[in-house]
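Open the model in your viewer and keep the selection box at hand. We will go from stop to stop, picking residues and looking at what surrounds them.

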Amino acid sequence: MNGEGKRVCVTGASGYIASWLVKLLLQRGYTVQASVRDPNDGRKVGHLHSLDGAKERLHLFPANLLEEGSFDAVVEGCEGVFHTASPFYIDPTDPEAELLEPAVKGTLNVLNSCAKFPSIKRVVLTSSLAAVVCNEKPLSPDVVVDETWFSDPDFCKNFKMWYEASKTLAEEAAWKFAKEKGIDLVTINPGMVIGPLLQPTLNTSAASIASLFSGSEIYPNMSFGYVNVKDVATAHILAFEVPSANGRYCLVDIVVHFSEIVKILRELFPNAKLAKRCAEDDNPLKFKYQVSSEKARCLGINFIPFETSLKETVETLKEKGFICI
């Protein structure tokens, strides 16, 4: 129980990664001050109240990413802050309002609150591999991406990669602000996050797996790096607890094409009706690449195998009624 007697903050606590982060922090004995949009919305926060230790050591606060000073109360008295709150939409109708402004302004609002309280020893920011790989560098199976890579926001915007742009701009703003204010900042940059869902709602990354069971004949011609949500939550905690933790940490167990995912799912769930063919049959399968795990492993992460993560995802999707097999 490394966290016994220590108080930390988690923003956006009802989200996918954050819910697991709160769960593991409570297991380690931490007192958690967590921000949500509405602490009285039982449908969205009920799963947090049901966590072991929540009754004694979980305190929910209302906060708004776009409201300056909104996070003062939730970070006050904390030793560490985990900023996970950030919108994730694939096809926004208004990218500026739905993604870019909340991501960047929200991050700066949280960091500005942190700068007011000297009790805060470190801030851990949930970034994304989207802030790493989206640039003009070519990707191929022999390319190894690592923490020295940075996405280009102009490149992202030109190709209407709005989520990728939002994560890139938010991380850029965070590093600049942290340097100016002397904040000890560490970022976690996971790929597509899968694994069990604690929250009652379907998040975007799990939805991409659920879509393969939707009755559609086709699957996307895309490759993504994947990582288990439990590994991502653990990495956040280690990034706070390990004194030598610094900079950025890419978190990817493996980069997989959707064709490979469908193949594995057929083996795991032989009775399932799965997508049968690639959306772009006439085109070659979209690029794969490698992501270095060296720095993450030095932090103490031993990745849960992809097949296990995929099985856990499907089982929880079935359990919560998002898919039928």
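## Stop one: a tilted ring pair

Select phenylalanine 155 to begin: with 17% relative accessibility, this residue counts as buried (buried is under 20% relative accessible area, exposed over 50%, partly exposed in between, using a 1.4 Å probe and protein chains only). Before going on, note that this is a predicted model, in which local features need pLDDT of at least 70 and side-chain atom pairs count only at pLDDT 80 or more, while totals for chains, interfaces and linings use all residues. Residues are numbered from 1 along each chain as its sequence is written, and side-chain values use heavy atoms, with hydrogens and water left out.

Now add phenylalanine 159, which is exposed at a relative accessible area of 55%. How are two such rings compared? A pair of aromatic rings is described by the distance of the centres and the angle of the planes. Here rings of Phe, Tyr and Trp (its six-membered ring) pair if their centres lie within 6.5 Å; planes under 30 degrees apart count as stacked, over 60 as edge-to-face and the rest as tilted.

## Stop two: more rings

The structure holds six aromatic pairs. Select phenylalanine 82 and phenylalanine 240, an edge-to-face pair with 5.9 Å centre to centre and 70° between the planes. Phenylalanine 82 belongs to strand β4 (residues 80–83) and phenylalanine 240 to helix α9 (residues 229–241), so this pair ties together parts that are 158 residues apart in sequence. Helices (H or I, at least four residues) and strands (E, at least two) are DSSP runs, numbered from the N terminus. Both phenylalanine 82 and phenylalanine 240 are buried. Back at the rings of phenylalanine 155 and phenylalanine 159, the centres are 4.9 Å apart and the planes at 45°, so that pair is tilted.

For a group of rings, select Phe224, Tyr226, Phe258 and Phe306, which ring pairs link into a cluster.

## Stop three: helix α10

Phe258 also leads to helix α10 (residues 258–268), where it is one of the buried residues, along with Ser259, Ile261, Val262, Ile264 and Leu265. What do the buried residues of α10 pack against? Show α8 (204–210), β9 (218–219), β10 (223–228), β12 (254–257) and α12 (306–319); contact means heavy atoms within 4.5 Å.

## Stop four: two cysteines

A search for disulfides (cysteine sulfur atoms within 2.5 Å) across the whole structure finds zero. Select cysteine 134: its nearest cysteine sulfur, that of cysteine 156, is 4.6 Å away. Cysteine 134 is buried at 8% relative accessibility, and cysteine 156 is buried at 0%.

## Stop five: empty space

Take a cavity as a set of points, on a 1 Å grid over the protein atoms alone, where a 1.4 Å probe fits but cannot get out; lining residues have an atom within 4 Å of a point. There is one cavity of 30 Å³ or more, and the largest holds about 50 Å³. Select His83, Ala85, Ser86, Thr107, Leu125, Thr126, Ser127, Lys167, Ala170 and Glu171 to see its lining. Helix α7 (162–181) and strand β5 (122–126) each supply at least two of these residues, with the largest share, three, from α7.

Finally, the second largest pocket (an open set with protein on both sides within 12 Å along at least five of seven lines) holds about 150 Å³. Select Lys6, Tyr30, Glu79, Lys121, Arg122, Asp184, Phe240, Glu241 and Pro243 for its lining.

Conventions. Grid points are joined across faces, edges and corners, and a volume is the space filled by probe spheres set on the points.
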